[in-house]
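Got your viewer open? Load the model, switch on a cartoon view, and follow along from stop to stop.

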Amino acid sequence: MHEMLTLDLGPDFYGFQGRIAGRIVCVATPRVEHDAQARRTVSDLIKRQGGDCAACKACIIGQHT
């Protein structure tokens, strides 16, 4: 199971992915809820960190990929 948290850390923050107890946890800016460019940026960041939003589909980013 995957988790996605939104967290506003300012205009320069988009997101990252980590693992807790073997589970993927993604943290993203709240802008992903209404901004397609922010979703693409976070998806690209997560892909570079080994994740695959298109395969996951557990959050709004994967559902729009």
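Before selecting anything, fix one scale: buried means under 20% relative accessible area, exposed means over 50%, and partly exposed is in between, using a 1.4 Å probe and protein chains only. This is a predicted model, so local features need pLDDT of at least 70 and side-chain atom pairs count only at pLDDT 80 or more, while totals for chains, interfaces and linings use all residues. Residues are numbered from 1 along each chain as its sequence is written, and side-chain values use heavy atoms, with hydrogens and water left out.

**The whole chain**

Start zoomed out. You should find three helices and three strands, where helices (H or I, at least four residues) and strands (E, at least two) are DSSP runs numbered from the N terminus. Along the sequence, their order is β-β-β-α-α-α. The radius of gyration is 11 Å, close to the 11 Å from the globule rule for 65 residues, so the chain is as compact as a globular protein of that length. That radius is taken over C-alpha atoms, and the globule rule is 2.2 Å times the number of residues to the power 0.38. If you draw a box along the principal axes, the C-alpha trace spans about 30 × 20 × 20 Å. Colour by accessibility and 31% of the 65 residues count as buried.

**Stop one: the salt bridge**

Select Glu3 and Arg23 and show sticks. How far apart are the closest N and O atoms of this pair? They sit 2.4 Å apart, and the two residues form a salt bridge; the term covers a side-chain nitrogen of Lys or Arg within 4 Å of a carboxyl oxygen of Asp or Glu. The structure holds one salt bridge. Glu3 belongs to β1 (residues 3-6) and Arg23 to β3 (residues 23-28), so the pair ties together parts that are 20 residues apart in sequence. Both ends are partly exposed: Glu3 at 28% relative accessibility, Arg23 at 37%.

**Stop two: neighbours in β2**

Now pick Phe16 and Gln17. Phe16 lies in strand β2, and so does Gln17. Are they buried or exposed, or in between? Gln17 is buried at a relative accessible area of 13%, whereas Phe16 is partly exposed at 37%. Contact here means heavy atoms within 4.5 Å. Leaving out residues up to four places away in sequence, Gln17 touches Ile24, Val25, Cys26, Ile46, Gln49, Gly50 and Gly51. With its neighbours within four places set aside, Phe16 is in contact with Val25, Cys26, Val27 and Gln49.

Slide along to Ala21, in the loop between β2 and β3. Ala21 is exposed, with a relative accessible area of 81%. Check its backbone too: phi is near 55°, a positive value in a residue other than glycine. Most residues other than glycine have a negative phi.

**Stop three: helix α1**

Select residues 36-48, which make up helix α1. Its 13 residues should span 18 Å at 1.5 Å a residue, and the end C-alpha atoms are 18 Å apart, which agrees; the expected span is 1.5 Å times one less than the number of residues. At the start of α1, a side-chain oxygen of Asp35 comes to within 2.9 Å of the backbone nitrogen of Gln37.

Which residues of α1 are buried? Show Ala38, Arg39, Val42, Ser43 and Ile46. They cover an arc of only 135° around the axis, which puts them on the same side of α1; the arc is that of the directions from the helix axis to the C-beta atoms. Lys47 and Arg48 are exposed on the other side. The buried residues pack against β2 (15-20), β3, α2 (53-56) and α3 (60-63).

Zoom in on Ser43, buried with a relative accessible area of 14%. Not counting residues up to four places away in sequence, Ser43 touches Cys53, Ile61 and Thr65. Just after α1, look at Gly50, with a positive phi of about 100°.

**Last stop: between α2 and α3**

Finish at Lys57, found in the loop between α2 and α3. Lys57 is not a glycine, yet it has a positive phi of about 60°. At 38% relative accessibility, Lys57 counts as partly exposed.

Terms used:
Polar contact = N/O pair within 3.5 Å; in protein donor to acceptor, adjacent residues only side chain to side chain.
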